[in-house]
Amino acid sequence: MSRMEEAPLDHAGVQSSRLQNFSYRLSHLSGDDMFEVLSNVFACTAVVIIALTGIVLVRGSIPVLGKFGLGFLTGSGWSTTFGQESYGMLPYVLGTLVTSGIAISIGIPVSLGIAIFLAEMAPTSVRVPLSQLVELLAAVPSVIYGFWGLLVLSPWIAKYVETPLTSGLGSIPIFHGSPHGLDLLMGGLILAIMIIPTVSSISKEVMMAVPTSQREAAYSIGATRWEVVRMGVLSYSRSGIFGAAILGLGRAVGETMAVTMVIGGALGSEAVPTSLFIPGQTLASLIAGQFKEAESLQLSALVGAGLVLFGLALLINVFAQFMVWKVLKVKAGAVE
Amino acid sequence: MVAVVPLASILLEVIRNGISTISFQFITALPGVPGQTVGGIGPAIQGTLLLIALTSVMGIPPGVLTGIYLAEFGNNKFGRTIRFLNDVLTEFPSIVVGILVAALLVVATHQYSPIAGAIALSIITLPIVARTTEESIKTVPNSIRDAAMALGIRRWRTTISVVLSTARSGVITGVLLSIARISGETAPLLLTILGSNFFFSSWNQPIDALPLRIFNDASQADPFTRQQAWGAAMILIIIVLTLNIGVRLATRGRYGSNRSRI
């Protein structure tokens, strides 16, 4: 080990001796040291990227934040006319929350059903191919979901779901509007379909990590199959499933292309989600739809939208990773 | 069973509508002018291949090195932090990556470029490759490391030539899955390479890519353009699913439980 050898001391002064020591070590760096330093440096890339994103987004949105202050978050204007520009993010934040809310409330129960079926009920001969199919569904690019949603699902939904709802319940504000299939409901539905693979496969993993003794204990006190799942498995893997759901929420919040293609792309106060059947806009679809033409202050507004999205996604993801981690760590501990 | 319905519907519709479009001319020709009925998606396919190549060069080595670090040196507080942030980065909205690169490169130089696109895609591949590399290096038994050390081989040599080549198939799996992921990635490309109707001409001009072509064509009312989008969707889905199914078949039974996080 080259590090063990002491560099010769220079008696002229501590300063130069340190320098010499450093240069000695630099010139005697072994391949091992260099390799460790190199892989250390690259390991930091993730940190650097996240930090850089934060800095760039904050710097880019300074003009718009300086001009509108908090109004940027609470306003709902969208005017690009020079001299009377106005940008508010409220409609898009609400749009993001509404579509993600729809996605979660439809996607999570379905995912849990799939996960319970795969982990607890299906025999191995069904479980393996079916879980692989579910994972394949996660690999389909989002632009294909959007394309399919736009041309196949949306006309179907408009005809068989939205038309009956508007004609039957049109007097209730959230069902008000014209059913043409490119609206907030459609955005939420496509998101629900897209998060199902992720949420169900993570929930399945978490459920399969539940020790068999839990199930046996529940059976031994005379529980039925559903009671075993509910008491033995679901309550044990609760926090992991919760983490999977939050991870799904993170996906839904950041998902761009599919939503951009089906949500209708409203701007300004028209994008405030007052009904499920009006065109809306999310933060991500706003950026994707407007970035091409954006100049100066509008560009800054879009970077600001990115900043809001970044903060939202970071918060959700850190929380979700933490929850999933906690459970899987318990699993690893149990195996050893 | 509910889960299979969307997959079946997507595949059926794409194949039903796309199959009639596919021809040699469709794969190689320039997109036609709206209204005409001749044209293809040559530039899109070329652009996607170019981006995959550039991203492989820029994104995979740092990813593999990060993975090596996490597996070999990462069993401490710093390593755990990196692993955590790496997982967070995997779930990052891709549009945010797009804004980052666009703000740094595109806005500064006023030019959309293939390089900007490839940098954005590299940021997306990095955590995926790192994660799979780490998982597969961890499956290499310590006895192999000990054997190499006993021969007096230096540690970095051991890691590169012995450990990494033992874990090779896992690393390749990660690389292929990340290529499948980026070939369908659209949002960051929209902000960095813009899309174009022509073949690659220079390093500071917009280029086209398959997912961008689908996105742009899908919003057109012209039936022929829409038909082209179906064809492009079919080619993209074939690329992505072939990579995924191929990887699954090749590594069946191994690393089974790690893949769900990707």
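Chain A of this predicted model contains 14 helices and 2 strands. Its length is 336 residues, and 46% of them are buried. Looking at contacts in chain A between residues with a separation of 6 or more, 75% join residues that are 24 or more positions apart.

**Two domains in one chain**

Let's look at how chain A is divided. Domain 1 covers residues 2-78, while domain 2 covers 89-335. Where they touch, 15 residues of domain 1 of chain A are in contact with 15 residues of domain 2 of chain A. Which elements of domain 1 give two or more residues to this side? They are helix H3 (45-68) and helix H4 (71-74) of chain A. The largest share comes from H3(A), with 8 residues. By class, this side of domain 1 has 8 nonpolar residues, 7 polar residues and no charged residues.

**Where chain A meets chain B**

Chain A also touches chain B, and this contact takes 62 residues from chain A and 60 residues from chain B. Which element gives the largest share of the chain A side? Here again the name to look for is H3(A), which supplies 10 residues. The residues on this side of chain A divide into 42 nonpolar, 16 polar and 4 charged.

The table sets out the classes for the two sides.

| Side | Nonpolar | Polar | Charged |
|---|---|---|---|
| Domain 1 of chain A, touching domain 2 of chain A | 8 residues | 7 residues | no residues |
| Chain A, touching chain B | 42 residues | 16 residues | 4 residues |

To follow this in the structure, you can start from helix H3 (45-68) of chain A. This helix gives 8 residues to the side of domain 1 that touches domain 2, and H3(A) gives 10 residues to the side of chain A that touches chain B.

Notes. Residues numbered from 1 in each chain as written. Chains lettered and ligands numbered in written order. Predicted model: local features only at pLDDT ≥ 70, side-chain atom pairs only at ≥ 80, totals over all residues. Domains from an automatic or database assignment. Contact = placed C-beta atoms within 7 Å. Helix = DSSP H or I, 4+ residues; strand = E, 2+ residues; numbered from the N terminus. Nonpolar A, V, L, I, M, F, W, Y, C, P; charged D, E, K, R; others polar. Buried ≥ 20, exposed ≤ 12 C-beta atoms within 10 Å, placed from the backbone.
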